Each structure stands twice: as structure tokens, then as C-alpha cells.
Amino acid sequence: MLNIEEDIDNPQLFTHFGTNSPYWKITTDSDALNLSGENNTATAAIELSPAQAREVRSMTGVTSTIALSVAIFGNPIRLHLVGRKIDTWMWGGTAAHYGDTDAVAKDLESSLTFAEQVVSEVNSLVIIIDSAGKIKRFNRLCEEVTGVLESDVVGKNALDLFVNETQREETRSSVSDFFRQAKTYETMRPINTNKGVRIIKWRNTIIESGSGVPEKYLVCSGTDVTEELRAQEQLVEMATTDALTGLPNRNAIEEKITAAVTAPNPNAFGLLFLDLDNFKKVNDHYGHLTGDTLIKEVSVALRTCLTENDVIARLGGDEFLIMVATGSQEKVEATAHRILERMKQPFQLTRAEVYSGCSMGIAMFPEHGANLEELIRSADTAMYVAKDEGKRTFCVFSPKMNEKISEYVWLDTNMRNALAENQFELYYQPKVSLLTGEIDSVEALIRWNHPKRGLIMPGAFIPYAEESGLIVPLGRWVMETAAKQAGAWKKQGLNLRIAINISARQLRIPTIIEDFTRAILSNDLSPSMVDIELTESCLAEDERLAHRLIRMFRELGAEVHLDDFGTGYSSLSQLARLPLDVLKLDGSFIKSIHTDAKAQALVRSMVAVGNALNLKIVAECIETPEQADFLRNIGIDYAQGFLFAKPMKLSDLMAWMPASSNKVVRIVTKRAS
């Protein structure tokens with residue numbers, strides 16, 4: 001039996017180890033308790049009983065104390081071991097005589113100080129509160145995140161300080177429940193700080209006090225996930241928002257449509273597919289920055305035409321998709337009318353005032369599609385039909401429209417094959433002098449000899465070629481074929497000019513002058529015997545570009561004709577600025593020319609304009625001698641029409657033309673009796 005009083009004054013620890021608090025350790029492979037002085041100046045191994053060794057090894061990573069009765073060099077002593085598990089195979093700490101409370105207290109204080117430093121400096125927010133919600137600990141990271149000091153918050157209610165008033169009672173109830181259940185749980189909550197609201201992910205645990213009156217404490221360790229959540233939100237926003245306009249993007253509206261059509265009891269709604277009519281022209285003429293500005297302005301304008309329940313998204317480029325929150329087709333059409341009216345107004349951009357109409361297609365759910373893909377396809381199809389009908393309008397989808405799409409698919413495949421297999425052919429229609437009957441030139445008109453469908457007229461495939469971009473290789477083929485034929489005629493001594501039609505789309509091809517130059521020079525046509533026919537729409541789209549290209553064509557020897565004059569938007573001042581050679585009067589003015597006084601007045605005024613500008617004048621679609629006589633009498637130079645000759649393939653043209661001895665071909669028109 002140990003004598004406690006004797007132990008108090010027993011100096012043997014100091015005697016053997018040079019300190020009253022020697023170090024101790026024990027390992028997994030031995031039951032010996034090793035004691036050593038500072039710097040290992042003295043050591044001793046004390047054999048413990050298996051029960052004592054198990055008790056020491058029961059210490060965890062948290063500092064604690066146990067008391068052991070042992071003998072050192074045969075002298076019994078009762079020790080306090082203060083320590084913890086320091087590795088998977090080792091436990092250690094400091095030892096003190098059982099009665100040496102100062103040494104024990106010092107060792108515990110050292111361990112507690114270490115624990116306090118860990119709590120204070122750990123890279124997590126740590127806040128400890130009691131069951132009343134009052135703060136007991138508030139570590140350094142809490143101070144940094146909230147902007148307040150621990151000394152200012154200890155003893156104050158954490159919920160009142162940091163929880164939003166609207167969530168305070170709910171949080172208070174949750175904390176109370178947690179104290180009762182005493183289970184670890186995780187939660188994510190916003191807290192108010194001096195730096196604004198921060199979102200903290202908390203892991204909450206209940207611990208009990210180790211001394212004094214037993215009390216439970218809530219230990220909340222947390223991570224500030226505010227920036228992480230913001231980054232996630234930005235990623236979601238980037239995935240669902242159009243960067244240019246701030247509107248929802250394709251992904252966002254497709255999710256909404258899918259959710260709407262797959263709902264248990266889906267409501268009917270309308271889908272409106274919108275495409276700007278002249279966006280590419282604005283982009284090409286003013287540049288992409290102005291184009292982007294126009295898109296942003298259009299997006300703002302479109303939103304003013306919608307209700308708060310409608311959803312608008314930009315799909316990309318100049319395409320928008322609008323989900324109209326009504327099952328009434330009439331109301332969806334009313335929305336389309338509002339948009340058309342708004343788009344009639346100009347957009348004031350930095351560099352210009354721009355008019356930008358639009359074409360729209362409407363599809364209704366569920367009538368025109370049962371799912372996302374069907375609805376968008378139907379609305380898109382209707383939009384293209386609206387473009388074909390003249391643009392600046394809208395069309396409601398009908399099943400017949402699918403036939404047109406099928407035709408477009410057929411055209412796309414077969415036109416490419418036709419170019420590769422030389423299925424296209426040029427027909428030629430003469431232009432005749434009304435005074436002499438002499439053939440002045442011919443106009444080259446394209447035809448398609450399809451192996452199954454037979455002869456296909458240009459009206460059936462040129463619009464699609466323009467839209468799809470196939471007009472580029474097709475136009476180049478026409479240019480090269482006409483130049484080749486003009487070169488062949490030149491070698492035969494037949495100086496017959498050939499006019500080819502070039503569209504506004506072709507004028508925007510960067511290589512058009514290069515292509516034309518190559519075509520005429522490779523056929524020994526300098527100056528050119530190939531002329532260019534442009535419509536008034538070419539001038540309206542980009543007058544400066546048209547002026548530059550017309551000048552370059554004429555420098556190569558080509559004459560430039562303004563086709564279908566009177567049907568477009570060219571002004572007299574515009575005509576005066578452009579270096580043209582020929583005006584071609586549209587056939588719509590000619591049909592009733594010999595009987596309709598208004599038509600006669602219009603044609604006379606056009607002739608006056610042409611004469612004032614020193615331009616040759618050609619009248620199209622002459623079918624009767626009476627028409628020819630009237631036109632000759634008012635000063636028209638040349639005529640073209642079925643009265644003289646229909647468009648003919650090359651072999652028929654050569655057989656038709658009677659040649660004089662000097663290869664000058666003449667034909668005399670009939671006169672009315």
C-alpha cells in the first residue's frame with residue numbers, strides 16, 4: 001500500500017531523471033513504459049501489467065490523464081500520466097508524481113494551450129455555443145470571415161448576431177432540436193457579416209463539458225463556400241444565358257419547353273421562331289460590333305412586345321425563340337403582329353440608323369408537335385416559308401409546309417450532283433434593235449436538265465441556291481460557260497455579246513471580280529464580250545459596293561445593265577451616281593402598254609430618265625407587234641420577248657439565226673395591220 005503523504009515529498013523522479021516531469025512513451029509492441037529526462041539524459045523502462053498497458057493505450061488523440069502505481073528501480077510510486085496517442089503505434093506525454101499537482105496542472109495547461117491554438121488557427125470556422133445560443137468560442141477564421149473579434153461576441157447570442165431575422169426562429173428551433181437529439185449533422189446557411197452575407201457549410205456536433213456542472217455545447221465547424229457557390233452559379237448562368245444579350249440561351253429555353261410538354265397535365269402554348277431579315281447585310285456593311293449592337297437592341301425591343309409570362313431566348317446569330325404562354329393561336333398571332341409593328345421602326349445605332357425586319361414561324365403545342373424537337377422544327381419550317389413569301393411577315397405551321405422542306409432537301413442533294421455531272425445548261429434569248437431588227441446581244445438564262453424530272457426552270461431552284469449558298473458555284477459556272485461561248489463566237493467572227501444575271505448575294509462574294517477576270521481572259525475576251533445584269537435590289541443593299549464593282553466590271557469591258565427597272569427602290573439620284581450602260585424596263589409595264597394610258601405614262605417617264613442619263617433602254621416581255629410599235633415610237637432602243645424569240649438552247653439559237661455575209665444577224669419585227 002502506497003503512502004500518499006510520503007509520495008508527496010518523494011524526490012525520486014528528480015533524482016533519477018533530473019526533472020519532476022519526465023517524458024513517457026509506450027508502443028504497440030511492448031508493455032514497457034519508458035521514462036526519460038530532458039534530452040534523454042536518463043532513461044528507465046518500467047514493466048506494466050497487461051491491464052495497465054491497455055489503459056495507457058486507450059488514450060486517444062485528445063490529451064487526457066490517467067494514474068498508475070508502478071515501481072522505479074524497486075521503489076514504488078504513483079504517477080500521473082498526461083498525454084495522448086501520437087502515432088498509430090505510439091502513445092506519449094509527461095509524467096508527474098501523483099501528489100505533484102503543480103506539475104500535473106502545468107502539463108495539462110500546456111496541452112490545453114496546444115488544443116486552444118489548434119482551435120484558433122485551424123483552417124475552418126469554429127464557433128462553440130451553449131444550449132441558450134450564447135457564444136463560448138469564436139476562432140480566428142471566424143473573425144476574418146465576419147469582420148468581428150471574439151472578444152466582442154463571446155457571451156452574446158449567435159443567432160441574433162449572424163442569422164437573418166426572417167430565418168432566425170426557424171434556425172433557433174433547429175438548434176434546439178439538435179441539442180435534444182445530439183446527433184452530428186451538416187447544413188448550409190447564410191450568415192450576416194460586416195462584409196456582407198456569406199454562405200457557410202457547417203458540420204455540427206454536440207460535446208459535453210469535462211468538468212464542473214455537466215453541460216452540452218454545440219461545436220460548429222464550417223467552410224465558407226460563398227465563392228464556390230458563386231462560381232457554380234456563374235457556370236450555370238454561362239450554360240443557360242446568352243452572353244451578348246443577357247437573354248436565356250438555347251439550352252435554357254429548350255429545358256423550359258421540355259418541362260412544359262412533359263408536365264403531368266401540360267398547358268397549351270405557342271412557339272414563335274424569329275429570324276432577322278437583313279442582319280447579314282448590316283454585319284457585312286458596318287462590321288460585327290455594329291451587328292452585335294443591333295442584336296442587343298432587337299432583344300430589348302422584342303421584350304417590350306411580350307407579356308411577363310412569355311419567355312424569349314436567343315438561339316445564336318440573328319435567331320430568337322419565343323415561348324408564348326397561351327394556348328390561343330389568335331393571341332400568339334397578336335404577339336407576332338406586335339413584333340412586326342415594332343420592327344418597322346428604325347434602330348438608332350452608333351454608326352447608323354438601321355431598319356431590320358424579321359420573319360417568324362409559329363407552332364402550337366400540342367397541335368404542331370408533341371415534343372421539343374417537333375415543335376422547334378415546325379416553327380422553323382414556318383419561318384422559312386414566311387421568308388419565301390417576301391419576308392417581314394409570319395406564317396403558322398401547316399403539314400403542307402413539310403413538303404417544301406422535303407423539296408429543299410431534294411434540291412440540296414440534287415443541285416450538288418447537277419454541278420458535278422454537268423446537268424445545267426445555258427439558254428439564250430436575243431435582244432433585238434427595234435429600229436433595224438439587228439440582234440444586239442443575247443441574255444444567258446440557266447436551265448436544269450434533270451435525268452428524272454426533265455427540264456427544270458430557274459424559278460424552282462434559284463431561290464434555294466441563293467439561300468443555301470449554292471449560288472456561288474452555280475454563278476461561277478454560268479460566268480465561265482457564257483465566257484467560253486462568247487470566246488467561241490468571237491473566233492467564228494460573230495461579235496455577239498452575252499449578258500449574265502448576277503444577284504445581290506453574288507456581289508458579296510469576295511472573289512467575284514477575280515472569277516470574272518479569269519473567265520474572260522482565259523477565253524481571249526479582252527475587252528469583255530460578257531455583260532452584267534443587276535437588279536435594283538443589288539443597289540439597295542449596298543450602293544457603295546455596287547458602285548465599286550460596276551466600275552471594275554466596266555473597266556474589264558463589260559456593259560452593266562439595270563434589270564427589272566421600275567420594280568425596285570432605286571432613286572433618280574442613285575441612278576445618276578452609278579456608271580450604268582443599260583436600263584431594262586420590267587415586263588410588268590409592257591403587257592398593257594398599247595391600251596393602258598397609265599402604263600404608257602410610266603414607260604414614257606422611264607424612257608425620259610434613261611435618255612437624260614444617256615443610257616440605252618431595253619424593253620422586256622414583248623409579245624405583240626402592237627407593243628413593239630408603241631415602244632419604237634416613244635424611243636425605246638431594244639426589245640426582248642417571245643415576239644422575236646423564246647430562250648433557246650445553243651444549237652437551236654444557231655439554227656434560228658440567219659447570218660449575213662459579214663456575220664451580222666438581223667430580224668425585222670412585224671407591224672400591226
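**View A. Phe73 in the loop between strand 4 and strand 5.** Strand 4 covers residues 64-72 and strand 5 covers 75-87; helices (H or I, at least four residues) and strands (E, at least two) are DSSP runs, numbered from the N terminus. This is a predicted model, in which local features need pLDDT of at least 70 and side-chain atom pairs count only at pLDDT 80 or more, while totals for chains, interfaces and linings use all residues. Residues are numbered from 1 along each chain as its sequence is written, and side-chain values use heavy atoms, with hydrogens and water left out. Phe73 is not a glycine, yet its phi is positive, at about 55°. Its relative accessibility is 56%, so Phe73 counts as exposed (buried means under 20% relative accessible area, exposed over 50%, partly exposed in between, with a 1.4 Å probe and protein chains only).

**View B. Asn422 in the loop between helix 15 and strand 19.** The loop follows helix 15 (401-420) and leads to strand 19 (424-433). Asn422 has a positive phi of about 55° and is not a glycine. With a relative accessible area of 60%, Asn422 is exposed.

**View C. The open sheet of 5 strands.** The strand order is 13-14-12-17-18 and the pairing is mixed; two strands pair if DSSP finds at least two bridges between them. Strand 13 (311-316) and strand 18 (394-396) are the edge strands, each pairing on one side only. On average, neighbouring strands of this sheet are turned by 20° against each other, direction ignored. Strand 12 (residues 269-276) and strand 17 (residues 358-365) run antiparallel and are joined by 8 bridges. Within this pair, Leu276 has Cys358 of strand 17 as its bridge partner. Helix 12 (residues 288-303) packs on the sheet and touches strand 12, strand 13 and strand 14 (319-324). The direction of helix 12 makes about 15° with that of strand 14 (axes are lines fitted to C-alpha atoms, for helices over the stretch in contact, and angles run from 0 to 180 degrees between N-to-C directions).

**View D. The loop from strand 17 to helix 14, with Pro366.** The peptide bond from Phe365 to Pro366 is cis, and its omega is near 10°. Helix 14 spans 372-388 and includes Ser378. Ser378 is buried, at a relative accessible area of 6%. Neighbours within four places in sequence aside, Ser378 is in contact with Ala363, His368 and Phe397 (contact means heavy atoms within 4.5 Å).

**View E. Helix 17 beside helix 19.** The axes of helix 17 (residues 471-491) and helix 19 come within 8 Å and cross at roughly 25°. The two helices are therefore roughly parallel to each other (angles under 35 degrees count as roughly parallel, over 145 as roughly antiparallel, 65 to 115 as roughly perpendicular and the rest as oblique). Helix 17 passes helix 19 in a right-handed crossing; a crossing is left-handed if the near helix is turned anticlockwise from the far one by less than a right angle, and right-handed if clockwise. From helix 17, Arg476, Met479, Glu480 and Ala483 meet Ile512, Asp515, Phe516, Ala519 and Ile520 in helix 19.

**View F. Strand 23 and the strands paired with it.** Pro527 lies in the loop between helix 19 (512-521) and strand 23 (530-535). The peptide bond that leads from Ser526 to Pro527 is cis, with omega near 5°. Of the 6 residues of strand 23, 5 are buried, so the strand is largely enclosed by the rest of the structure. Strand 22 (residues 497-501) pairs with strand 23 in the parallel sense over 4 bridges, and the bridge partner of Ala499 in strand 23 is Asp531. Strand 24 (residues 560-565) also runs parallel to strand 23, joined by 4 bridges. Here Thr535 has Asp563 of strand 24 as its bridge partner.

**View G. Helix 24 (residues 625-633) and its surroundings.** Because 7 of its 9 residues are buried, helix 24 is largely enclosed by the rest of the structure. The buried residues are Pro625, Gln627, Ala628, Asp629, Phe630, Leu631 and Arg632. They pack against helix 23 (597-612) and strand 26 (616-619). Just after helix 24, Gly635 takes a positive phi of about 100°.
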